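Please open the model in your viewer and keep the selection panel at hand. The stops below are meant to be taken in order.

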Amino acid sequence: MTNILEAKDLTVTFGGLNACDHVDLEVPTGKFVGLIGPNGAGKTTFIDAITGYVPTSAGNAIFDGSDIGELKPHERAQSGLVRTFQSLELFEDLSVRDNLLVAAYPTKWYTFLADMFHLSSKNSEIEERVDWALEIMGLSDASDSMPTDLSHGRRKLVGVARALAAKPKLILLDEPAAGLDTSESQILGGHLREFLNHDMSVFLIDHDMGLVLSVCDYIYVLDFGKIIAAGTPAEIRESSAVKAAYLGEQAGEIQAQEGERMRTQQQGQEAEK
Amino acid sequence: MEALLIALIAGIGAGGLYAMLGSGIVIAFRGSGVINFGHGAVAGYTAYSFDELRETGSLYLPWFDPIPEFGFLKTLKLNNIPVRIDIFDNVAFDNKPNLALTIFICLVMSAFLGLLMHFLVFRPLRNSPILGKVIGSIGVFLYLSSMIVVNFGGQNRGDEGFSGFNNTAEPVRNFLGLGGTIPRSNFYLFGAAILMAVIIWGLYRFTKFGIATRAAEENEKGAALLGYSPQFLAGANWVLASITAGIAGILFLHKTQPAQIALFVVGGLGAALFGNLTSIPGATLGGLFLGMIAGGGVELTTNDWWPEILPGEGVRNFMPLLLIIVVLYLRGDKLPIRGSISIGRQPRAPSTNNVTIGVIGAVGIALMLSNIFVSKWESILTTTLIAIVFMYSLTVLVGFLGQISLVQWSISGLAAYTMIRLMADGTKIRDTDFALNTGWGWPTILAFFGAIVVAVICGLLIGLPALRIRGVQLAVVTIAAVIAIENLLLRNPPLMGDGSVSVNPTPKPSWFGQYVGGFNPDTARNDYWKFSLFLIITAALLGIAVANLRRGQIGRRFLAIRANERAASAAGINVANMKLLGFGISSGIAAIAGCLLAYKLPGLQETQFEVFGGLALLAFVYLGGITTIWGAIVGGCLMAGGLLPEFLGVHFESIDKGLINAVGAIGLIVNAKVTNGEGIALLQTDLVKNTLTALRRPPDDTANTSNDEEAVV
Ligand SMILES: Nc1ncnc2c1ncn2[C@@H]1O[C@H](COP(=O)(O)OP(=O)(O)O)[C@@H](O)[C@H]1O
Ligand SMILES: [Mg+2]
């Protein structure tokens with residue numbers, strides 16, 4: 001089986017802090033892979049590194065069979081590696097549908113001429129895809145709204161829909177369920193597995209353990225920038241390392257505080273080095 | 001070699017001015033987070049006030065009497081708002097008022113200007129997006145420059161300076177044994193700049209006010225702990241900055257003309273950036289350095305081996321741009337963004353549907369008008385149409401793409417001059433009044449497109465820095481580029497022909513055998529009918545093209561970049577290419593406007609494409625609405641020389657151009673606050689739309705209407 005994405009020994013350093021510390025990770029083609037870990041573990045940094053938003057200090061990222069280390073973010077996106085953002089990063093001055101269209105249509109250098117004469121014709125395949133992305137995220141009725149008129153949760157779903165509209169080979173979702181209300185979470189959770197039927201693989205970061213354990217084929221656990229465990233949802237549920245590092249946080253206050261203390265200690269040690 | 005050293009040392013004179021202006025810009029930035037493009041204009045207004053007070057004994061307050069005095073209003077004898085205060089009596093050549101008192105009064109005036117800027121402009125705009133703040137400070141520039149014209153006539157003054165700053169003082173000879181002479185006042189200016197820097201530096205270092213200002217820079221709450229409100233600190237720093245500007249203006253008056261002082265802000269900006277926008281000693285050093293390399297550069301151009309194609313004044317005026325680019329390039333990412341800056345909402349940019357119908361309607365009306373109008377009206381119509389075409393270029397670049405470029409009018413100038421040069425074939429165009437113009441003798445259409453190509457290339461080069469820097473920094477680079485282009489490329493006889501330093505005559509333009517131009521040398525009169533038609537068609541087609549661009553994929557991409565560059569690249573947009581495309585399209589449109597202006601005028605004057613003209617055009621398109629073609633159309637009609645003021649002028653009393661620009665500047669600032677730059681056009685389409693929907697729908701359903709993105713035309 002081939003892998004759509006392979007991170008090998010990927011390292012990102014901020015000052016003295018290794019936000020990603022020699023991370024090895026694989027996303028098999030057509031599979032649903034999750035990444036979990038406590039706040040500040042380096043999950044977002046990992047996506048940033050893969051998509052070219054932060055420089056890596058060591059390691060490679062191999063996407064669809066080729067090393068993408070030298071590519072600019074937009075080139076990676078064009079090659080089918082599409083991400084969402086943890087925070088809202090929408091195009092506020094464009095309607096919801098236009099937000100998706102921007103990502104969906106490719107342009108050539110002469111597109112502006114076609115635009116000026118209003119000659120660019122609609123591509124029915126792309127339009128259908130945009131309709132599908134809106135529908136699957138429950139946004140069909142909001143198609144002509146401005147993002148600012150939607151609830152916070154629906155705006156996050158616009159971000160996911162925009163990534164879907166770009167026809168990704170691999171979609172990287174950074175905490176898409178954070179800030180969603182119950183009905184919005186259900187829309188998202190109910191459709192996530194459907195993504196796989198549309199020629200894409202999925203890489204999901206989320207805090208909602210229930211969601212991650214239920215939708216993923218395989219899960220990696222990140223703590224202090226290091227992969228501390230990996231396995232199927234069943235294995236992760238049982239792993240003691242995961243419990244200590246992450247599930248403990250949810251299990252009880254005391255353990256969470258301990259985790260916090262350990263983290264500050266480690267950061268202190270990092271700083272001393 | 002020695003001449004070069006002397007020139008470098010003499011450069012501390014102009015360097016002193018740059019240093020003082022740069023320090024003032026730093027003060028204002030530290031206090032409020034705003035880079036004030038109008039800082040030089042404050043100096044200029046104070047310099048004029050000083051000269052006027054010394055020569056006539058009258059002080060002019062920085063406003064105009066808004067109650068018109070024409071027609072029947074004259075007979076009402078309204079108690080008008082005071083503008084002129086007669087302070088000293090019996091002022092004569094040999095009885096000038098007391099110097100210290102005069103300076104003091106003028107500095108009070110500067111302080112007052114600072115307060116006005118704080119309370120009327122920058123405090124209200126403190127939560128606006130960066131574009132709004134830049135526009136606010138351009139409004140200050142434009143307003144004060146216009147008030148200089150309105151209150152002082154804007155003419156050059158012959159002030160000789162006073163005591164050590166006297167023009168006629170014995171120069172310093174053989175300084176350090178280098179031979180040559182250096183004006184004595186250069187050393188005084190240098191001393192004044194150093195003294196000012198030391199005082200301000202001490203003020204920030206050792207007084208409670210200074211410490212609070214530094215605290216507020218980090219974090220506005222910090223200042224509150226020291227017992228100062230951030231807004232008080234901002235106001236106090238505006239006053240301080242303005243006083244330093246006033247001092248600079250008064251001290252430098254004998255060296256230059258007050259009308260020019262406003263433009264020295266470009267050197268001041270270079271100095272301030274050299275000081276990282278926060279360091280007074282840094283800004284002072286930067287200013288002195290800039291003055292020296294400018295002086296040295298000019299000295300180099302006097303050598304035999306120096307290529308004639310780079311004129312001395314051009315080199316001098318290129319230096320600020322060079323310094324700014326180098327500083328921004330070296331540490332563009334690390335320049336401070338002051339704590340409180342909030343990225344406010346951008347103006348909406350709805351796509352204009354029904355655009356074709358609307359434009360065709362407008363064309364129809366314009367055509368009708370042009371047929372009815374007598375020849376004077378046709379001239380006004382063509383002025384308006386050319387302005388509209390130019391404003392489209394700003395709609396694309398500033399409105400859609402969000403790149404604040406102040407240089408597009410210079411691109412127009414470059415295209416106009418290039419076109420003339422390409423068309424000219426050495427025949428004398430007029431018998432007496434214009435110089436012979438040599439060139440390549442290209443046919444009209446070829447020269448037109450050749451000029452556009454040149455202008456687009458230049459526009460792309462200017463767009464290159466935009467790939468690294470954004471927001472207000474781009475505005476700084478582009479305003480410096482205006483001065484550089486004007487002096488290096490336009491006023492350049494080897495490059496642009498002998499007329500480029502006085503009047504550059506336009507050869508007869510003819511498209512497909514038809515004469516399209518204002519003044520026809522064959523008939524020796526203004527010949528507008530065909531030209532009007534030509535312009536109407538051009539303006540309409542370009543308007544449709546720009547509106548289509550907004551509706552199309554590229555328009556969406558531009559808006560995406562304006563909203564969020566990070567997200568745009570995640571959506572697969574090549575941000576760098578799109579920005580260059582925006583600069584290219586905008587420069588192409590600006591170039592067309594420039595060529596059309598050359599068609600209209602019998603000859604291009606050197607002053608046509610100065611900073612001021614470009615900023616006035618920006619002001620009016622912003623007032624009309626920067627994000628839609630309708631804004632450009634409204635802006636073109638409102639601006640000085642456009643349909644509305646000229647209509648008033650013909651039917652009531654003609655209105656001073658300076659006054660129109662001043663009113664435009666006020667409108668600009670108000671518009672930045674009230675509509676966030678969406679302008680009159682969008683304001684009234686909203687009004688129409690809301691009225692229509694209110695009429696159409698039952699009242700309880702109105703909540704949804706704001707979602708409707710389409711503009712009703
Ligand atoms: N641009 C940055 N500069 C410095 N440190 C950063 C930067 N981005 C993230 N970090 C640090 O890297 C660590 C990982 O952050 P992040 O990837 O956002 O974690 P997560 O997404 O898992 O919550 C954190 O300690 C964070 O403070
Ligand atoms: Mg994160």
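What follows is a tour through one chain and its domains, then the interface between chains, and then the nonpolar cores.

This is a predicted model, in which local features need pLDDT of at least 70 and side-chain atom pairs count only at pLDDT 80 or more, while totals for chains, interfaces and linings use all residues. Residues are numbered from 1 along each chain as its sequence is written, chains are lettered from A and ligands numbered from 1 in the order in which they are written, and side-chain values use heavy atoms, with hydrogens and water left out.

**Chain A and its domains**

Select chain A and show it as a cartoon: there are eleven helices and ten strands, where helices (H or I, at least four residues) and strands (E, at least two) are DSSP runs numbered from the N terminus. Of its 273 residues, 52% count as buried, buried being under 20% relative accessible area, exposed over 50% and partly exposed in between (1.4 Å probe, protein chains only).

Next, colour residues 3-80 and 168-272 of chain A as domain 1 and residues 89-166 as domain 2; these bounds come from an automatic or database domain assignment. Between the two, 17 residues of domain 1 are in contact with 15 residues of domain 2, contact meaning heavy atoms within 4.5 Å. Together the two domains bury about 1200 Å², 72% of it on carbon and sulfur atoms; buried area is the accessible area (1.4 Å probe) that two parts lose on being put together, summed over both. On the domain 1 side, pick out Pro168(A), Glu184(A) and His198(A), which lose the most area to domain 2 and together make up 31% of what that side buries.

Which interactions cross this boundary? The rule finds zero salt bridges between domain 1 and domain 2 of chain A, a salt bridge being a side-chain nitrogen of Lys or Arg within 4 Å of a carboxyl oxygen of Asp or Glu. There are, however, four residue pairs in polar contact (both at pLDDT 80 or more), that is, pairs of N or O atoms within 3.5 Å, where within protein one must be able to donate a hydrogen and the other to accept it, and residues adjacent in sequence count only if both atoms are side-chain atoms.

**Where chain A meets chain B**

Now show both chains: the contact takes 34 residues from chain A and 34 residues from chain B, and the chains bury about 2900 Å² between them, 56% of it on carbon and sulfur atoms. Select Asp93(A), Asp115(A) and Met116(A), which supply 22% of the area that chain A buries against chain B, more than any other three residues. The count between the chains is three salt bridges, and Arg562(B) forms a salt bridge with Asp93(A), their closest N and O atoms being 3.1 Å apart. Across this interface there are also 14 residue pairs in polar contact (both at pLDDT 80 or more).

**The nonpolar cores**

Move on to the largest nonpolar core, which has 221 residues, and centre on Met419(B) and Tyr599(B), two of those with the most contacts inside it. A nonpolar core is a set of buried Ala, Val, Leu, Ile, Met, Phe, Trp, Tyr and Cys residues joined through side-chain atoms within 4.5 Å. Helix H16 (residues 375-400) of chain B gives the largest share of this core, 16 residues. Apart from it lies another core of 48 residues, including Met137(A) and Phe195(A).

Finish at Asn548(B), in helix H21 (residues 529-551) of chain B: the residue is buried, with a relative accessible area of 5%, and its side chain makes a polar contact with the side chain of Arg551(B) (3.1 Å).
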